[in-house]
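Work through the exercises below with the sequence and the 3D view at hand. Try each task before reading its solution.

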Amino acid sequence: MTKKITTLLFDLDGTLINTNELIIKTFQHTLGFYFPDRTFEREDIYAFIGPSLIDTFTSLDPEKAEEMVDHYRAYNKLHHDELILEYDGVYEAIRALYEEDYKLAIVSTKMYDMIQKGLKTTGLDKYFQVVIGLDQVAAPKPDPEGINMALKLLNSTADEAIMVGDNYHDIEAAHNANTKSAGVAWAIRGADYLRTYNPTYILESMGDLLDIVRED
């Protein structure tokens, strides 16, 4: 008999808040500065969304990777509030989950302070008991460390949890941690892309998650 779902773990960017334009513009600014002779179309940048910044920039130029990360973060922080958007129905669904006493956590490849900035800007900060950022783990998703850390802090087990995200590393991290997984259809690469990684569920809206946990 499987345990009832008690715990929901969420990625942040592209899942709870729409930072797609912010991320794309930040990459375009950073890449344009460091690679002025190369052209990066929007579609080229999609592959950079999800993995940690240091992994992405190391793949482009190992010697300047840390410098590029700093450049990226400075621009991203400066333009954060003007470029992020809310997804329809996300706030309402998270509030409902919180009011129904589900345990809620963020597990992101973003730095802790910027996760908090995004949550506070959208008013979601009051609903999450645990926030795990890139600077709190030795290995980012798809390594299960962040998920396992969140579960431990919430006094939860893998078989009562779902990891919700918009990219392959969220789903693979869930597989590696032995939790259920849910891909969001509003991901920048779309639901069909996420299905190739075999998530337990695909959410057409965040409200679908309420139906899943209530029926479990």
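**Exercise 1.** In which helix does glutamate 172 lie? Describe its surroundings.

Solution. This is a predicted model, in which local features need pLDDT of at least 70, side-chain atom pairs count only at pLDDT 80 or more, and totals for chains, interfaces and linings use all residues. Residues are numbered from 1 along each chain as its sequence is written, and side-chain values use heavy atoms, with hydrogens and water left out.

Step 1. Glutamate 172 lies in helix H8, residues 168-177. Helices (H or I, at least four residues) and strands (E, at least two) are DSSP runs, numbered from the N terminus.

Step 2. Check exposure. The relative accessible area of glutamate 172 is 28%, so the residue is partly exposed. Buried means under 20% relative accessible area, exposed over 50%, and partly exposed in between (1.4 Å probe, protein chains only).

Step 3. Find its contacts (heavy atoms within 4.5 Å). Leaving aside residues up to four places away in sequence, glutamate 172 touches Pro142 and Tyr197. Proline 142 is 30 residues away along the chain, yet the two C-alpha atoms are separated by 5.4 Å.

**Exercise 2.** Trace the open sheet and place strand E4 in it.

Solution. Step 1. Read the order: E5-E4-E1-E6-E7-E8, six strands with parallel pairing. Two strands pair if DSSP finds at least two bridges between them.

Step 2. Find the edges. Strands E5 (130-132) and E8 (201-203) each have a single partner strand, so one side of each is left without a neighbour in the sheet. From one strand to the next, the twist averages 25 degrees. Angles run from 0 to 180 degrees between N-to-C directions, and axes are lines fitted to C-alpha atoms, for helices over the stretch in contact.

Step 3. Look at the partners of E4. Four bridges join E1 (residues 7-10) to E4 (residues 103-107). Threonine 7 faces lysine 103, and leucine 8 faces leucine 104. Three bridges join E4 to E5. There, isoleucine 106 stands opposite valine 131.

Step 4. Judge burial. Four of the five residues of E4 are buried, so this strand is largely enclosed by the rest of the structure.

**Exercise 3.** Which residues of helix H10 are buried, and what do they pack against?

Solution. Step 1. In H10 (residues 207-215), the buried residues are Leu209, Leu210, Ile212 and Val213.

Step 2. Look down the axis. These residues fall within an arc of 165 degrees, so they line one face of H10. The arc is that of the directions from the helix axis to the C-beta atoms.

Step 3. Name the neighbours. The buried residues of H10 pack against E1, helix H5 (90-99), strand E6 (161-165) and E8.

**Exercise 4.** At what angle do the axes of H1 and H3 cross, and which residues meet?

Solution. Step 1. Two packed helices are described by the angle between their axes and the distance between the axes.

Step 2. The axes of H1 and H3 cross at roughly 35 degrees and come within 13 Å.

Step 3. List the meeting residues. Phe27, Thr30 and Leu31 in H1 meet Leu53, Thr56, Phe57 and Leu60 in H3.
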